[in-house]
Amino acid sequence: MTAKRNLIVIGNGMVGHKFLELMVAKKCNEAWNLITFCEEARVAYDRVNLSSYFSGKTAGDLSLVEPGFYQENNIQIYIGDRAIAINRDKQTISSGNGLEIPYDKVVIATGSYPFVPPIKGKDVSGTFVYRTIEDLEKISDYAKSCKTGVVVGGGLLGLEAANALKNLGLKTHVVEFAPRLMPVQIDDAGGIVLRDKIEALGVKIHTNKNTSEIVSKDGKVIKMTFADGAELATDLIVFSAGIRPRDELARNSNLAVGDRGGIIIDENCQTSDPNIYAIGECALYQNRIYGLVAPGYKMAEVACDRLNNSDVSEQFTGADMSTKLKLLGVDVASFGDNFAKTSGAKEIVFTNAPQGIYKKLVLSEDSKQLLGGILIGDASAYGTLLQFVQNRITLPPYPEDLLIPPREGKSIGIGIESLPDTAQICSCNNVTKEQICHAIREDKLTDVPSIKKCTKAGTGCGGCVPLVTDLLKSELKKAGIEVNNHLCEHFPYSRQELYHLLRVNQIKSFDQLLHQFGRGMGCEICKPAVASMLASTWNEHIMDTPHTGLQDTNDRFLANIQKDGTYSVVPRVPGGEITPEKLIALGQIAKDFGLYTKITGGQRIDLFGARVDQLPLIWKQLVDAGFESGHAYGKALRTVKSCVGSTWCRFGVQDSTGLAIELELRYRGLRSPHKLKSAVSGCTRECAEAQSKDFGIIATEKGWNLYVCGNGGMKPQHAVLFAADLDKETLIKYLDRFLVFYIRTADRLERTATWFNKLEGGIDYLRQVIIEDSLGICEDLEAQMQHLVDTYQCEWKTAIQDQEKLKRFRHFINSDQPDPSLMYVEEREQKRPATEAEKEKIGVAEFR
C-alpha cells in the first residue's frame, strides 16, 4: 500500500474550505494526509453574506463547516495558527505557534486583506476595516457611542459596510474617490440612478473625494478633511477601498509574484514551484486578481483535479465576473461586457429615474448576440440575460423587449427548457442545468431548499434561485407530478387564498365557507385550519356555534390534554411579573385540587393533572384571583418573556418588563397559523433570549430593536433584525402589521421562521411591505389588529359564566362520575401519572 502524502492547505477561508470539500467529495483524502492552517479563531464562514451578521445572524449561522466535517474525514486543522514560512528546499511549513510540518504539495489560499489608503490619521481610534467577524464585532461595539459613520469606498463591499452602519442606527455617509459608485460594475448613467436611489434611503454619497487627513481629538476620530478643502464630521470610519492579495508567504519563499501583487499561477493553478498551488484572491492569473468567490471555487476545482491526476481536462482560463447583489435594499447586477469594450458593440438603454431603474444591454455589432449589461433597481431578468450571454443564444428581433414589457403582451424570455444541459445555472458553485435536473429526478426532490442542500445551487449569492425554481417546476411537470398548494382535498385553494375569501366575503362559519368554496364534508386538516382563520378574523369565542366541531381536543376544552387524559391549567402571567398574592393563590389552588406544579420556560406556572370536570372549578378560582387564560391550548400567542430591565438591573437601559406586559396584553388570545412566542430584553446582554422568538425586542440607548421570525424547537433559527432604535409607538405599529400579514399569508401550522425562509425577497421584501407599505395594505392590517384587540375576551371567564358551555366539561355524557382509570404515584414530593406497570401493582395492592 502506498504511504499517504502530506497536502497542506494554507488558509481556511471560503475557497480553502471549498478545496477541502472537493477533496473529500472525490475521496482524495484516502490518498492524502489533509492538513490546513486556519489563522482566525473560527473555521470557514460565509464572507459573501457577512453583513447579515448585523441582521441577527450569528457566527454559527454563517459557518460553512458541517459539524464533525474535519474529524470525520481525518483532516488535521490548526485553528488560530498561521503559516509563516515555506521552506522549499526542505519542503516544510513553519507556523506562528512553532510547528514545522513536512509537505509533498501545498495549496495557498490566503485570500486578501483590506486596502487602507495612506491617509494621515488612518490608525486613530474609531477607524476600522470590514473583512472578518471580529472586525464587525469591533465596529458594533464602538458604534454604541456614535451618531455618525463614514465608509471610505463606494464599491460592492463599501455599500455593504454602509448598510451595516445604517442598521446600527448611525447617520451614514459614503466617500468615494471615483466620480461614481461601483466604478468597476456600472457606468456613469447607472451611477447617477444608484446614487439617487441610495440617498433616498438616507445614506449621503460623496463622490470625487480625495481624503487628505483624518482628524482626531483625545485620540478619537472627529472628522475627515478632503483635498478640495471640504470637511465631514464623523465619529467612526470604515475603510472598504478594495482588496490586496495576501502574497507575503510567496514573496518570502521566492515564488513568482506580480508587479502589483498576487501569486502568479498558470492554467493548472500551479505557481512557479510545481509543488505549490495558489487559489482564490491571493492568486494572479494573466495579471488579474479575481475578487469574487465563484472564480475561487473554480480554481479550487482545477487544483483538486490536478493534484489527483484527474482525467478531466478543464483548466482555469479566467472566470465570469458577473454578479447580482442587493445593496441597501437596491438590486444591482452587471454581467459580461458591461462597458461595451468589444469592437462594434451597440447599446440599448432604458432609464426610469422616478422609479430608480436603469437597464442597459450591450449587443454585438450585428445585434444578434448579447454581450453584457447592467441592471439597477430591477434585476429580475438577470438570470435569463446571463444565460443569453453564457450560451450565446440568438437574440429576438426586438432585444429591447428583454428590458421592458414586450409588445402585444407576449413574453419573449428564454424558456428554461431551451437551455443546453451544460448551461451554468449557479456560477458561485459551478452547478449546471444537467446536474440540477439529475438531482431532481434521481433524488425525487420537490422543493428548492432540497435542491440547495443536494447540489449547493443557490447557496452562494442567491441570484440563480429563480432559474432553479423554474427548473424544478419544469422537471416536475415532465414527470407528471402535479404540484399545488391546496389546503386539502375539500378546498382547492391555499390557506392564504382561503383566508382572503373568508375575509372579503364576510364568511363567519365553516359550513358557509364549505358551501361557497369547497366540497364534501371537511376533514381533520381543514376544520381546525378554518377555525383558526375564523378566530383570527372575527375573534368570536372559540366554543361558540361557528367553531363547534372544528377544534381539536385542546381548543374544545380550553386546556392541553396530557398523556393520562387529564389536562394542564396555564393562567397568563404577563411578562413573567406576578404578585405574592397571586403566587399564593396558585399554590392554594394546586393544593386544593392535588395538581402537579412546574415553572415553564415562558415564565409562568403550569398546573398538571386536572380532570376535565375539574377545569371549570379551577378556573373559577383563578378568575376570582385575577388570572385569565394563558391560551397554552391554542395556536396563539403564548408568552412575552422578559428580564427585569432598567427597573432593577444595573445593565438595563429600558423598562423591558413594562413593555413585555403591554405587548402580551395587546396580543393575548391572538390566533395564528402556529403558536407565537416573544421576549423583551432590557439590554444587549439578551437575558430574555429575544432573538430566538417569533418576534423579539432588545432595548437600546435610543429605543428598541425589533427582531422577527426566530424559532426555538426542533430547528432553531435566530431572528432577523427588522428595524432599529424604534420608539414604542412605531414598534407596536410595525408589530401589528407584521403579525396580521403573517396570519394572512402563512400556510397552516407554519412557524414564522419557516414562513420567512420561503418568503421571496426575504427581509427586504418584508420591510417594504411593513415599513414602506409597498402593497398599500398597512392601514387594513392595523385595522384588523385593532379589531382583535378591541374584541378580546378571556375565553375561560366567558365559559364559566355560560351554563351551556359548562355542560361540555364531563368525562361521560350520561354520568357525572370522574374517570376511574386515573392513577398516580408520588415523585419528588409531587404526584405524577402512574406507568402501566405501576398501575398493575396499585391495582393488585388495592384488591388485596
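Which residues form one aromatic cluster with Trp619? In this predicted model, Phe557, Tyr567, Trp796 and Phe809 join Trp619 in that cluster.

**Figure 1. Aromatic pairs of the predicted model, with Tyr285 and Phe316 in close-up.** Across the whole structure, a search finds 18 aromatic pairs. In one of these, the rings of Tyr285 and Phe316 meet edge-to-face, at 5.4 Å centre to centre and with 80 degrees between the planes. Tyr285 belongs to strand E20 (residues 283-285), whereas Phe316 is in the loop between helix H8 (293-307) and strand E22 (323-327), so the pair ties together parts that are 31 residues apart in sequence. Tyr285 and Phe316 are both buried.

**Figure 2. The aromatic pair of Tyr493 and Phe517.** The ring centres of Tyr493 and Phe517 are 6.1 Å apart and the planes stand at 85 degrees, so this pair is edge-to-face. Tyr493 is found in the loop between helix H12 (465-478) and helix H13 (495-504), and Phe517 in helix H14 (residues 510-517); the pair therefore ties together parts that are 24 residues apart in sequence. Tyr493 counts as partly exposed because its relative accessibility is 25%. Phe517, in turn, has a relative accessible area of 18% and is buried.

**Figure 3. Charged side chains over aromatic faces.** Lys508 lies over the face of Trp538, at 5.0 Å from the centre of the ring. In a further example, Arg685 is placed over the face of Phe651, at 3.8 Å from the ring centre.

**Figure 4. Strand E23 and its antiparallel partners E22 and E26.** Strand E23 (residues 330-336) has six of its seven residues buried, so the strand is largely enclosed by the rest of the structure. E22 and E23 run antiparallel and are joined by five bridges; Thr323 has Ser334 of E23 as its bridge partner. Two residues separate the strands in the hairpin of E22 and E23, where Leu328 takes a positive phi near 50 degrees. Five bridges also join E23 to strand E26 (residues 370-376), again in the antiparallel sense. In this pairing, Gly336 stands opposite Gly372 of E26.

**Figure 5. Two hairpins that share strand E14.** Strand E13 (residues 211-217) and strand E14 (residues 220-226) run antiparallel and are joined by six bridges. Glu213 has Thr225 of E14 as its bridge partner. The hairpin of E13 and E14 has two residues between the strands, and Asp218 takes a positive phi near 55 degrees there. E14 also pairs with strand E15 (residues 231-233), in the antiparallel sense and over three bridges, with Met224 opposite Leu232 of E15. Four residues lie between E14 and E15 in their hairpin, and Gly229 in the turn has a positive phi of about 95 degrees.

**Figure 6. Phe19 in the largest nonpolar core.** This core has 93 residues, of which Phe19 and Ile279 touch the most other members. Helix H8 gives the most to the core, with eight residues. Leaving aside neighbours within four places in sequence, Phe19 is in contact with Leu7, Val9, Val107, Ile279, Ala300, Ala303, Cys304 and Leu307. A second core, separate from this one, has 62 residues, among them Leu502, Leu513, Leu550 and Tyr742.

**Figure 7. The buried side of helix H22 and the surroundings of Leu766.** The buried residues in helix H22 (residues 762-770) are Gly762, Ile763, Leu766, Arg767, Val769 and Ile770. They are on the same side of H22 because they cover an arc of only 165 degrees around the axis. In an α-helix, residues three or four places apart point the same way, because there are 3.6 residues a turn. The cover over the buried residues of H22 includes strand E36 (703-708), strand E37 (720-726), helix H20 (728-745), helix H21 (752-758) and helix H23 (778-790). Leu766, which is in H22, is buried with a relative accessible area of 0%. Apart from neighbours within four places in sequence, Leu766 is in contact with Val708, Phe722, Phe738, Phe741, Trp755, Phe756, Leu759 and Ile771. The C-alpha atom of Leu766 is separated by 27 Å from that of Ala531, 235 residues apart along the chain.

Technical notes. Residues numbered from 1 in each chain as written. Predicted model: local features only at pLDDT ≥ 70, side-chain atom pairs only at ≥ 80, totals over all residues. Heavy atoms only, no water. Buried < 20%, exposed > 50% of the residue type's maximum accessible area, 1.4 Å probe, protein only. Arc of directions from axis to C-beta. Contact = heavy atoms within 4.5 Å. Phe/Tyr/Trp six-rings, centres within 6.5 Å; stacked < 30°, edge-to-face > 60°. Lys NZ or Arg CZ within 6 Å of the ring centre and 35° of its normal. Pairing = 2+ DSSP bridges. Core = buried A, V, L, I, M, F, W, Y, C linked by side-chain atoms within 4.5 Å.
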